[in-house]
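Work through the exercises below with the model open beside you. Each task is followed by a solution in steps.

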Amino acid sequence: MIPTDRPLGYWIKHLDNLLEESLDRVLARSGMRRRHWQVLNVLREGPRNRAQIAEAMLAFWLPASVTQTDVVDDLVRRGWAEIDGDVYALTPDGEEAYSRVSLDVATLRAQVTQGFSADEYAAVVSALARMAENLEGSEQGR
């Protein structure tokens, strides 16, 4: 039986903490942090300059977290990204690192969604998105 004695906010925060901790463990095995993974994903879409990387990552950066410059520079030091002029691109080693870690991330995602049908998963994501839209709409009306 699923406990319903706790409100939605509790379960969202609890799940968020579990997801963060689990992903941190997966990425740490490859010497990465979440921001490395996110920038690798951005660069997999194609070469980007720093401003484009920053724009793509805007929702993920926290004021007290590592800076976007630190992460991009670290990827260059590792040989996972290279710079040509002011444009960054993934290197073959970066593609390999992404491919290796993406298997671990896919395993984690499968663990999280174990027991869910595709329709159930879509319904959960849709409901959460709708709740966010409801709150965003109420914030704009103020």
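**Exercise 1. Surface and burial**

State the accessible surface of the protein chain and the part of it that belongs to carbon and sulfur atoms.

Solution. The accessible surface of the protein chain is about 9,800 Å², and carbon and sulfur atoms account for 56% of it. Such areas are calculated by the Shrake-Rupley method with a 1.4 Å probe, and for residues only the protein chains shown count as cover. The model is predicted: local features need pLDDT of at least 70, side-chain atom pairs count only at pLDDT 80 or more, and totals for chains, interfaces and linings use all residues. Residues are numbered from 1 along each chain as its sequence is written, and side-chain values use heavy atoms, with hydrogens and water left out.

Next, burial. Of the 142 residues in the protein chain, 26% are buried; buried means under 20% relative accessible area, exposed over 50%, and partly exposed in between, with a 1.4 Å probe and protein chains only. The C-alpha trace spans about 55 × 40 × 30 Å along its principal axes.

Last, contacts, meaning heavy atoms within 4.5 Å. Among contacts between residues at least 6 apart in sequence, 54% join residues at least 24 apart.

**Exercise 2. Order of elements**

How many helices and strands does the protein chain have, and in which pattern do they follow one another?

Solution. Helices (H or I, at least four residues) and strands (E, at least two) are DSSP runs, numbered from the N terminus. The count gives six helices and three strands. Along the sequence they are arranged as α-α-β-α-α-β-β-α-α.

**Exercise 3. The sheet**

Give the order of the strands in the sheet and find the strands at its edges.

Solution. Begin with the order: the three strands make an open, antiparallel sheet that runs β1-β3-β2. β1 (48-49) and β2 (81-84) are at the edges with a single partner strand each, so one side of each has no neighbour in the sheet. Two strands pair if DSSP finds at least two bridges between them.

Then take the pairs in turn.

- β1 pairs with β3 (residues 87-90) in the antiparallel sense over two bridges; N49 has V87 as its bridge partner in β3.
- β2 and β3 are also antiparallel, with four bridges; D84 is bridged to V87 in β3, and A81 stands opposite L90.

Finish with the hairpin of β2 and β3. Two residues lie between its strands, and G85 takes a positive phi near 70°.

**Exercise 4. Charges and salt bridges**

Count the charged side chains and the salt bridges, then examine the pairs of R48, R50 and R100.

Solution. Lys and Arg count as positive and Asp and Glu as negative, while His and the chain ends are not counted. There are 16 positive and 22 negative side chains, and the centres of the two sets lie 4 Å apart. Each charge is placed at NZ of Lys, CZ of Arg, CG of Asp or CD of Glu.

Side chains of opposite charge can pair when their charged atoms come close. A salt bridge is a side-chain nitrogen of Lys or Arg within 4 Å of a carboxyl oxygen of Asp or Glu. The count is seven.

1. R48 and E45 form a salt bridge at 3.2 Å, N to O. E45 is exposed, at 61% relative accessible area.
2. In the salt bridge of R50 with D73 the closest N and O atoms are 2.5 Å apart. D73 belongs to helix α4 (residues 68-78) and R50 to helix α3 (residues 50-57), so this pair ties together parts 23 residues apart in sequence. D73 is partly exposed at 24%, and R50 is partly exposed at 26%.
3. R100 and E96 form a salt bridge with the closest N and O atoms 2.8 Å apart. They are four residues apart in helix α5 (residues 92-112), about one helical turn. R100 is partly exposed at 34%, and E96 is partly exposed at 44%.

A network of salt bridges with shared partners joins D74, R77 and R78.

**Exercise 5. A loop tryptophan**

Is W61 buried or exposed?

Solution. Locate W61 in the loop between α3 and α4. Its relative accessible area is 18%, so W61 is buried. W61 and L15 are 46 residues apart in sequence, and their C-alpha atoms are 20 Å apart in space.
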